[in-house]
Amino acid sequence: MNKPGEPPFRLALNTNKIEFKCTEDRKPSSVFVKLFNPTNETVSFKVRCTSADIFRVQPPLGFVKSNETVSIVIWYQNQDKKDAMSKCHYFAFYHTHSDGRTARELWANSKAEGVRRLPASFISAK
């Protein structure tokens, strides 16, 4: 799902898609994603989604040290299933080198050195 010309993703994710289990009672659904850094340097990551109205990401940005793993929680608000299922949603994971600034300062004007997009899917949980 990456766009042509985007830099290759050098980190590792434990999944190829984000799958939300939706319930009839419309309770929020969450997914845990593990982000592993196999490189020899600390990198900063950022996660973006197609709709901040229906998804939440915690943490949306941060750092992952060399050979370490960070857990990221992604929530689907599960309020309007028809709207979510009618659109193609995805999550974009970005990374760039760390230079001592905070993650927020770093991402204010840095370009991604790696990108990976994961599609979101919605399944009924009974």
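This is a guided tour of one protein chain, stop by stop, for a reader who has the structure open in a viewer.

**Before you select anything**

The model is predicted, so local features are described where pLDDT is at least 70 and side-chain atom pairs count only at pLDDT 80 or more, whereas totals for chains, interfaces and linings use all residues. Residues are numbered from 1 along each chain as its sequence is written, and side-chain values use heavy atoms, with hydrogens and water left out.

**The whole chain**

Begin with the protein chain in cartoon view, where the secondary structure comes to two helices and nine strands. Helices (H or I, at least four residues) and strands (E, at least two) are DSSP runs, numbered from the N terminus. If you follow the chain from the N terminus on, the elements run β-β-β-β-β-β-β-α-β-α-β.

Now show the C-alpha atoms, which fill a box of roughly 45 × 30 × 25 Å along the principal axes. The radius of gyration of the chain is 15 Å, which agrees with the value near 14 Å that a compact globule of 126 residues would have; the radius is taken over C-alpha atoms, and the globule rule is 2.2 Å times the number of residues to the power 0.38.

Next, turn on the surface, whose accessible area comes to about 7400 Å², with 50% of it belonging to carbon and sulfur atoms. Accessible areas come from the Shrake-Rupley method with a 1.4 Å probe, and for residues only the protein chains shown count as cover. Buried residues make up 37% of the 126 residues, where buried means under 20% relative accessible area, exposed means over 50%, and partly exposed lies in between (1.4 Å probe, protein chains only).

Of the contacts with a separation of 6 or more, 69% are between residues 24 or more positions apart, a contact being heavy atoms within 4.5 Å.

**The four-stranded sheet**

Select strands E1, E3, E7 and E5, which form an open sheet in the order E1-E3-E7-E5 with antiparallel pairing. Strand E1 (12–13) and strand E5 (55–58) stand at the edges, each with a single partner strand, so one side of each is left without a neighbour in the sheet. Two strands pair if DSSP finds at least two bridges between them.

Start at the E1 edge, where two bridges join E1 to E3, and look for Ala-12, whose bridge partner in E3 is Phe-36. Moving across, you will find eight bridges joining E3 to E7 in the antiparallel sense, and one pair to pick out is Ser-29 with its bridge partner Tyr-76 in E7.

While E3 is selected, show its side chains, which alternate: Ser-29, Val-31, Val-33 and Leu-35 point to one face and are buried, while Ser-30, Phe-32, Lys-34 and Phe-36 point to the other and are not.

**Strand E5 and Arg-56**

Continue to the other edge, where E5 pairs with strand E7 (residues 69–76) over four antiparallel bridges. Along E5, Phe-55 and Val-57 point to one face and are buried, while Arg-56 and Gln-58 point to the other and are not. The bridge partner of Val-57 in E7 is Ile-74, and Arg-56 stands opposite Trp-75 in E7.

Zoom in on Arg-56, which counts as partly exposed because its relative accessibility is 41%. Leaving out residues up to four places away in sequence, Arg-56 touches Val-73, Ile-74, Trp-75 and Gln-77.

**Lys-46 in strand E4**

Now select Lys-46, which is found in strand E4 (residues 43–49) and counts as buried at 19% relative accessibility. Beyond its neighbours within four places in sequence, Lys-46 is in contact with Pro-60, Leu-61, Ala-92, Phe-93, Tyr-94 and Trp-107.

**Three backbone details in loops**

Most residues other than glycine have a negative phi, and most peptide bonds are trans. With that in mind, select Pro-59, in the loop between E5 and strand E6 (61–64), and see that the peptide bond from Gln-58 to Pro-59 is cis, with omega near -5°.

Then go to Arg-26, in the loop between strand E2 (18–22) and strand E3 (29–36), where phi is near 60°, a positive value in a residue other than glycine. Arg-26 is partly exposed, with a relative accessible area of 40%.

End at Asn-67, in the loop between E6 and E7, which has a positive phi of about 60° although it is not a glycine, and which is partly exposed at 48% relative accessible area.
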